[in-house]
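Work through the exercises below with the sequence and the model open. Each task is followed by a solution in steps.

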Amino acid sequence: IDIGLMPLFDTPSEQGKCGLKAIIYMAGGIPTICSPVGAALTIIQNGKNGYLAETKAEWGKILANLIDDIELRKRIGLAGRHTIEADYSDTHCFQTLKEIILDQAL
């Protein structure tokens, strides 16, 4: 996979999707393009660790840029990987869970 795609319609059902597809792409260092819907708005920092595209023109422009520029693909993919390591890794999640449990216990 060279580019991860997660297109969604802006409907109540799709607004509730968790963004796992984007997380999987990003964990693999794959530059990711998502619709600006649901969890993607939290996971993706547009232009930094992935892209948010709403219109056909935006999808086309971002895809063309990524296809034409291998260094851009590498940079965005690596930034996405760092986001997942920092915010979604098992270490981060277990630490957050531990803090919540300890906070409730005290």
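Buried means under 20% relative accessible area, exposed means over 50%, and partly exposed lies in between, with a 1.4 Å probe and protein chains only. The model is predicted: local features need pLDDT of at least 70, side-chain atom pairs count only at pLDDT 80 or more, and totals for chains, interfaces and linings use all residues. Residues are numbered from 1 along each chain as its sequence is written, and side-chain values use heavy atoms, with hydrogens and water left out.

**Exercise 1. Cysteines**

Task: Determine how many disulfides the structure holds, and classify Cys 34 and Cys 93 as buried, partly exposed or exposed.

Solution.
Step 1. A disulfide is a covalent bond between the sulfur atoms of two cysteines. The criterion is a pair of cysteine sulfur atoms within 2.5 Å.
Step 2. For Cys 34, the closest cysteine sulfur is that of Cys 18, at 11 Å, which is too far for a bond.
Step 3. For Cys 93, the closest cysteine sulfur also belongs to Cys 18, at 12 Å, again too far for a bond.
Step 4. The structure holds zero disulfides.
Step 5. Cys 34 has a relative accessible area of 0% and is therefore buried. Cys 93, at 38%, is partly exposed.

**Exercise 2. Salt bridges**

Task: Find the salt bridges in the whole structure and give the sequence separation within each pair.

Solution.
Step 1. Side chains of opposite charge can pair when their charged atoms come close. The cut-off is a side-chain nitrogen of Lys or Arg within 4 Å of a carboxyl oxygen of Asp or Glu.
Step 2. A search of the whole structure returns two salt bridges.
Step 3. One joins Lys 74 to Glu 71, with the closest N and O atoms 3.8 Å apart. These two residues are three apart in helix H5 (residues 70–87), so about one helical turn separates them. Helices are DSSP runs (H or I, at least four residues) and strands are runs of E (at least two), numbered from the N terminus.
Step 4. The other joins the side chains of Arg 81 and Glu 85, at 2.9 Å from N to O. Arg 81 and Glu 85 are four residues apart in helix H5, so here too the separation is about one helical turn.
Step 5. Glu 71 is partly exposed at 48% relative accessibility. Arg 81 is partly exposed at 34%, and Glu 85 is partly exposed at 38%.

**Exercise 3. Two buried polar residues**

Task: Locate Thr 32 and Asn 49, and list the polar contacts of their side chains.

Solution.
Step 1. Thr 32 sits in strand E2 (residues 32–34) and counts as buried at 0% relative accessibility.
Step 2. A polar contact is a pair of N or O atoms within 3.5 Å; within protein, one must be able to donate a hydrogen and the other to accept it, and residues adjacent in sequence count only if both atoms are side-chain atoms. The side chain of Thr 32 reaches the backbone oxygen of Ile 30 at 2.9 Å.
Step 3. Asn 49 is in the loop between helix H3 (40–43) and strand E3 (51–52). Its relative accessible area of 2% makes Asn 49 buried.
Step 4. A polar atom of the Asn 49 side chain lies 3.1 Å from the backbone oxygen of Ile 43. The Asn 49 side chain also makes a polar contact of 2.9 Å with the side chain of Thr 83.
Step 5. Contact means heavy atoms within 4.5 Å. Leaving aside neighbours within four places in sequence, Thr 32 is in contact with residues including Met 26 and Ile 44. With the same exclusion, the contacts of Asn 49 also include Met 26 and Ile 44.

**Exercise 4. Ile 3 and Leu 8**

Task: Place Ile 3 and Leu 8, and state which residues each one touches.

Solution.
Step 1. Ile 3 is found in the segment before strand E1 (4–6) and is buried, with a relative accessible area of 17%.
Step 2. Not counting residues up to four places away in sequence, Ile 3 touches Ile 30, Pro 31, Ile 33, Leu 63, Leu 66, Ile 67 and Arg 73.
Step 3. Leu 8 belongs to the loop between E1 and helix H1 (12–15) and counts as buried at 15% relative accessibility.
Step 4. With residues up to four places away in sequence again left out, Leu 8 touches Glu 14, Lys 17, Ser 35 and Val 37.
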